[in-house]
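Visitor: Could you walk me through this one slowly? I have not seen it before.
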Amino acid sequence: MAQPGWHRQLNPAQRAAVENLKGPLLVLAGAGTGKTRVVTYRIVNLVRHGVPAQRILGVTFTNKAAKEMRQRAARLLGGKRNQAPEISTFHALCVRILRRHITHLGYPASFAIYDRGDQEGVARAALREIKIATAELRPSDLLYFIGQWKTRGFQPAEAIQEAETDRQHLAASAYRRYQATLHAAGAVDFDDLLLLTDQLFCQVASVRRAEAGRFDHVLVDEYQDTNHSQYRLVKALAGGHRNLCVVGDDDQAIYSWRGANLEHILRFKVDWPDAEVVNLEKNYRSRPEILQMANTLITFNSTRHDKQLIPIRAAGARPRILQLEDEVEEARAVVRDIRRQLALGVRPKHVAVLFRTNEQPRPLEAELRRAGVPYVLVGSMSFYDRREVRDMLAYLKLIESPTDDVSLLRIINRPARGISQKMTGLLTQHAIREGVSVWEVLPQADRVPGVSRPAVKAARDFVALTGQWQERFAHSRSLSGTATELVAALGYRDELQRTYPDPAEWEPRWQAVEQVINALASYQKQVRQPSLRGFLDAVAIDDRQDSDKEEKLQQNAIALMTLHAAKGLEFPHVYLVGLEENLLPHRKAIEAGERAVDEERRLCYVGLTRAQDCLTLSLALTRQKWGRTRETLPSRFLYELTGQADHPRAPHQPDRSARPTPAGAGPA
DNA sequence: GACTCGAGTCCCGCC
DNA sequence: GACTCGAGTC
């Protein structure tokens, strides 16, 4: 068979990964070794060899990755829509599976998906119900514990067994309550999407067979980031045909804190003994000087597949290290340098500033604004946190799933309709006692002791109103049109104007409402069979149709983002700021011990390997922390990556008098 | 029950 | 520095 043109563009290792089509395959791909290209070409090659595209499943972790892969595959396959492979994130895949089969687990098919804000409400209520003072355990702490358990696959019963400290015991019993509340409300949280799908596959063999039977080939990107449930899902989906290809890099495992287990990629050969292994080491992205730093740094980690990134590109500039007085000076120096590059003709979109924590970009933003340099802060999802947006979504959620108590309680008196907090409290308590949702109590509010007559009427009116809009949405030909009518009928705009007389206050809030409707409009334009539930699912799993962030990234602007958000991306010019002890590696990681610091080192490694041509590292000698100026210490990673640390694993002795002279360090 | 005020704590990262 | 929480006050 004649080889298509792209075949010649692959090196032997890549070709092996693309051509070996049968059975399990592990592709260990370092940073910048053409991983995405290999996955996409492999899909294309499968289709060339007669596998129907829709029988191929590609799984990624982020929507961005899924979108990119989908677009590339479509381009190479000639873009026939009915010929598209199924490429989605783990979460999107699970939502689709659960929508079809979740009734087996006793949840309604119209289950709501709770986001972080909703979860906090449920957590708070759970703590209150079992009489745990928030001083002992705050809702956010509880959610942290629950997240830890869920991403490791623990049900409440197992969590109770597993609990050691007092706090863990409290949290474990609150977890049981929390889960019961979700179940009663017909709702699931984000982690449940994976957990329940796994549970479904275990308990209902016919469902597992049906879902696994939809595909002949499964490909998984970033396999080193799979958690317990994801690992089991992959096994369940690929166990029959065994045509499983996983791609990953153990040196880029940076998500253990959300349950990712490096073991999964390290033991792939044990799980699939007949697996072939392909190593991709040739790096097409970065200059050798950058790779040398990255290679040197990562050897300080002990548990890893021993491999090196081999540079393909010609020599370039040596990475620089800037040392500044404080974080404001650091921001100034970085922005000054960026402007210099821009003046030389570098395009803004080719520059990224990377940092460890979300408080770091503040001074950078200030400097960039002052300098008039266009920038985009990637990953801060403030829009969907806004009160007005959450109100609108709560209305839509309630219309879609009336048993969703969190949404109901959010808007039952917004705009004010005479159901006071006290009345709501009585209704909620009654619902808990009866073991039903608040929605079911409302029509019989008169039977609840203490509820006033006007409140009874208001409750009934509210039920009627919701029912009416359920009807209208059910028969709606334009979701955004109906939503516009809903907002008008609610008098939401008047309410905003009443609450915030100053136009500077209410206008942006009103615009937020309009943006929800815009998002709905763009959703129904993009999807073949739009539904309210489909829109809410997309919003919940972050598959934002209006994703203006991404548009901005395409636009010509400097990208500001965390190291975690930068994974998978590349830029000609990269600035990695804040290379200080307690920041990178983060204080919490240092306290947690060596393994956690290893993950920080991988995080730093991810940052270094984002750079194609120019890499600049920086640190500040002092930094504001909680309102006080504190002295900092240079990051141990600076000593390691410049080859100034003893090897391997020299005990790190932070010492201000023995400041490193990291090559090229000095004021800008 | 709504309010102020001071103490104590603090967000590391995200689908 | 910003935020939450609980004590204390009206």
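Guide: Gladly, and a good place to begin is Thr 562, where a polar side-chain atom lies 3.0 Å from a phosphate oxygen of DNA strand B. Please keep in mind throughout that this is a predicted model, and that the values I quote were computed from it.

Visitor: Which other atoms come up against a phosphate oxygen of DNA strand B?
Guide: A backbone N or O atom of Asn 358 is placed 2.5 Å from a phosphate oxygen of that strand. For a base there is His 91, which has a polar side-chain atom 3.4 Å from a base oxygen of DNA strand B.

Visitor: How many residues surround DNA strand B, and which are the closest?
Guide: There are 16 residues around DNA strand B, and the closest are Phe 61, Trp 257, Arg 356, Asn 358 and Thr 562. Of the atoms of DNA strand B that come within 4 Å of the protein, 49% belong to sugar and phosphate.

Visitor: And how many of the residues near the strand are nonpolar, polar or charged?
Guide: The residues of that surface divide into five nonpolar, seven polar and four charged.

Visitor: Let's stay with Arg 356. Where is it found?
Guide: Arg 356 sits in the loop that runs between strand S12 (351-355) and helix H16 (361-371).

Visitor: Is Arg 356 buried or exposed, and why?
Guide: Arg 356 counts as buried because its relative accessible area is 17%, and the cut-off for buried is under 20%. That area is worked out with protein chains only, which is worth remembering for a residue listed among the closest to DNA strand B.

Visitor: What does Arg 356 contact within the protein?
Guide: Its side chain is joined to that of Glu 600 by a polar contact of 2.8 Å. Setting aside neighbours within four places in sequence, Arg 356 is in contact with Thr 562, Leu 563, His 564, Leu 583, Leu 584, His 586, Glu 600 and Leu 603.

Visitor: Glu 600 again. How far is Ile 590 from Glu 600?
Guide: Ile 590 and Glu 600 are 10 residues apart in sequence, and their C-alpha atoms are 9.1 Å apart in space. Ile 590 belongs to helix H28 (residues 587-592), and it counts as partly exposed because its relative accessibility is 28%. Not counting residues up to four places away in sequence, Ile 590 touches Glu 581, Asn 582, Pro 585, Val 597 and Arg 636.

Visitor: New topic: what about helix H17, how many of its residues are buried?
Guide: Helix H17 is mostly covered, with 12 of its 14 residues buried. Among the buried ones are Glu 388, Arg 390, Asp 391 and Lys 397, as well as Leu 393 and Ile 399. From its first C-alpha to its last, H17 reaches 20 Å, close to the 20 Å expected at 1.5 Å a residue.

Visitor: Which residues is Ile 399 in contact with?
Guide: Ile 399, which lies in H17, is in contact with Thr 466, Trp 469, Gln 470, Phe 473, Leu 486 and Leu 532, once neighbours within four places in sequence are left aside. Ile 399 counts as buried because its relative accessibility is 8%.

Visitor: Okay, and helix H8, what span should it have?
Guide: Helix H8 (residues 166-184) has 19 residues, so at 1.5 Å a residue it should span 27 Å, and its end C-alpha atoms are indeed 27 Å apart. The buried residues of H8 include Ala 171, Tyr 175 and Leu 182, and the elements that the buried residues pack against include helix H5 (116-129), helix H6 (139-151) and helix H9 (190-203). Just after H8, Gly 186 takes a positive phi of about 65 degrees.

Visitor: One more residue: what does the side chain of Ser 286 reach?
Guide: The side chain of Ser 286 reaches the backbone oxygen of Ala 611 at 2.6 Å. Ser 286 is in the loop between strand S9 (282-283) and helix H14 (288-298), and it counts as buried because its relative accessibility is 0%.

Visitor: Last thing, what is the average pLDDT of chain A?
Guide: Chain A averages a pLDDT of 86, and 92% of the residues score at least 70. Over residues 648-658, however, the pLDDT is below 50, although that stretch has 16 contacts in the model beyond near neighbours in sequence. Where pLDDT is low, the predicted coordinates should not be read in detail.

Terms used:
Residues are numbered from 1 along each chain as its sequence is written. Chains are lettered from A and ligands numbered from 1 in the order in which they are written. This is a predicted model: local features need pLDDT of at least 70, side-chain atom pairs count only at pLDDT 80 or more; totals for chains, interfaces and linings use all residues. Side-chain values use heavy atoms; hydrogens and water are left out. A residue is near a molecule or strand if one of its heavy atoms lies within 4 Å of it. A polar contact is a pair of N or O atoms within 3.5 Å; within protein, one must be able to donate a hydrogen and the other to accept it, and residues adjacent in sequence count only if both atoms are side-chain atoms. Ala, Val, Leu, Ile, Met, Phe, Trp, Tyr, Cys and Pro count as nonpolar, Asp, Glu, Lys and Arg as charged, and the others, Gly among them, as polar. Helices (H or I, at least four residues) and strands (E, at least two) are DSSP runs, numbered from the N terminus. The expected span of a helix is 1.5 Å times one less than its number of residues. Buried means under 20% relative accessible area, exposed over 50%, partly exposed in between (1.4 Å probe, protein chains only). Contact means heavy atoms within 4.5 Å. pLDDT is the predictor's confidence in each residue, from 0 to 100.
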